[in-house]
Amino acid sequence: QCATDIPQQFVELYRDDPFQSAVVICVILSFTVWILGLLTGDLSWVDRLWSILPVFYSVHFLSYDPTNPRLRVMATLTAAWGVRLTYNFWRKGGYQLGGEDYRWVYVRRMFSPVVMEIFNFVFVAFIQNFLMLALAMPALAALEYADVPLGELDIVAAIGFSLALALETLADEQQFEFQQSKHGQAPRLTKYEREYADGFLSSGLFSVSRHPNFFGEMSIWVSYYLFAIVASHSFAPPSAIGAAFLICLFQGSTQLTESITLEKYPAYAAYQESTSRLWPFFSFIHTS
């Protein structure tokens, strides 16, 4: 009887509390990702949800007030982001079985098997899932302050989000074109001859930032957070957690990515010295 009551209890929870119902979904998904990782040995299950869950949570909050114009704008923007990122992940083989991110091999070398399992449970499965929920928290603020009309700062937030999405899209396109031609999956291009020899892309957007796509992704969620500031007329600290934590996470993942690249391509050291790590054009910020 207790088991049969669970669906009804969740329906009641969904009806009464948008945040708690989202947390329940997040916990279920966290356990699911953890179990799948144990069964398959593949730690990228959570990566396959990255472009999906922030959109899901944004729509989840919209479902409580479908006519809310700010929530509609926010859900539309996240949907555009999610479709684009899902496509990019799919074309790189991310959804294939065994399509684990190459960096996990290096992460496993850093820990003992026991510590790695703890890391998998705490960080990979749970912290990353709750981060995806946290990224969508500005939509909860927009729901709570539904009486605040759209204004000029909402337009600023939407433009910022759109420009950051365009930057990330262009950077991913340039990187995909280079990697496809480098690995013989597309015709080699004369403009990349020097970079084929170096082993990495350093032209286009990558001439002004070593990771313009990372910068674009962080900017997307900072722009999304602006909607919460506008709606609440405050800095809305709970809504800032997602963007703030994502920025911190990118510092670690960028460091890992660059250490791997430097190990493979010695010429990368000179590129680090001449080009900003994240901020475009700020060549004096070249943390190596």
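These are legends for a few views of a predicted model.

**View 1. The whole chain is built from helices, with zero strands.** Count along the chain and you get twelve helices; written out from the N terminus, the element order is α-α-α-α-α-α-α-α-α-α-α-α. Along the principal axes, the C-alpha atoms fill a box of roughly 65 × 50 × 35 Å. For 288 residues, the rule for a compact globule gives a radius of gyration near 19 Å, and the chain comes in at 21 Å, which agrees.

**View 2. Here the chain is seen through its contacts and its cover.** Take the contacts with a separation of 6 or more: 76% of them join residues 24 or more positions apart. Of the 288 residues, 47% are buried. As for the outside, the chain exposes about 14500 Å², and carbon and sulfur atoms supply 69% of that area.

**View 3. Ala139 is a buried residue in helix H7.** The helix itself covers residues 137-144. Ala139 has a relative accessible area of 1%, and the cut-off for buried is under 20%, so it counts as buried. What does Ala139 touch, once its neighbours within four places in sequence are left aside? The list reads Ser58, Phe61, Leu71, Met74 and Tyr224. Pick out Phe61 from that set: it sits 78 residues from Ala139 along the chain, yet the two C-alpha atoms are separated by 6.4 Å.

**View 4. A nonpolar patch lies on the surface.** Its members are Val114, Ile118, Val122, Ile127, Ile241 and Phe245. Together they put about 510 Å² of accessible area on show. Two elements give two or more residues each to the patch: helix H6 (113-135) and helix H11 (237-264). Which helix gives the most to the patch? That's H6, with four residues.

**View 5. Ile127 is a patch member placed in helix H6.** Is Ile127 buried, partly exposed or exposed? Its relative accessibility is 32%, so Ile127 counts as partly exposed. That class runs between the buried cut-off, under 20%, and the exposed one, over 50%. Ile127 also gets into the patch on the accessibility count, because patch residues need over 30% relative accessible area and Ile127 has 32%. For a contrast, go back to Ala139 in H7, with its 1% and its buried label.

Definitions and conventions: Residues numbered from 1 in each chain as written. Predicted model: local features only at pLDDT ≥ 70, side-chain atom pairs only at ≥ 80, totals over all residues. Heavy atoms only, no water. Patch = residues over 30% accessible without salt bridge, like charges linked within 9 Å, V, L, I, M, F, W, Y side chains within 5 Å. Areas by Shrake-Rupley, 256 points an atom, 1.4 Å probe, with all protein chains shown as cover. Salt bridge = Lys/Arg side-chain N within 4 Å of Asp/Glu carboxyl O. Buried < 20%, exposed > 50% of the residue type's maximum accessible area, 1.4 Å probe, protein only. Contact = heavy atoms within 4.5 Å. Rg over C-alpha atoms; globule rule 2.2 N^0.38 Å.
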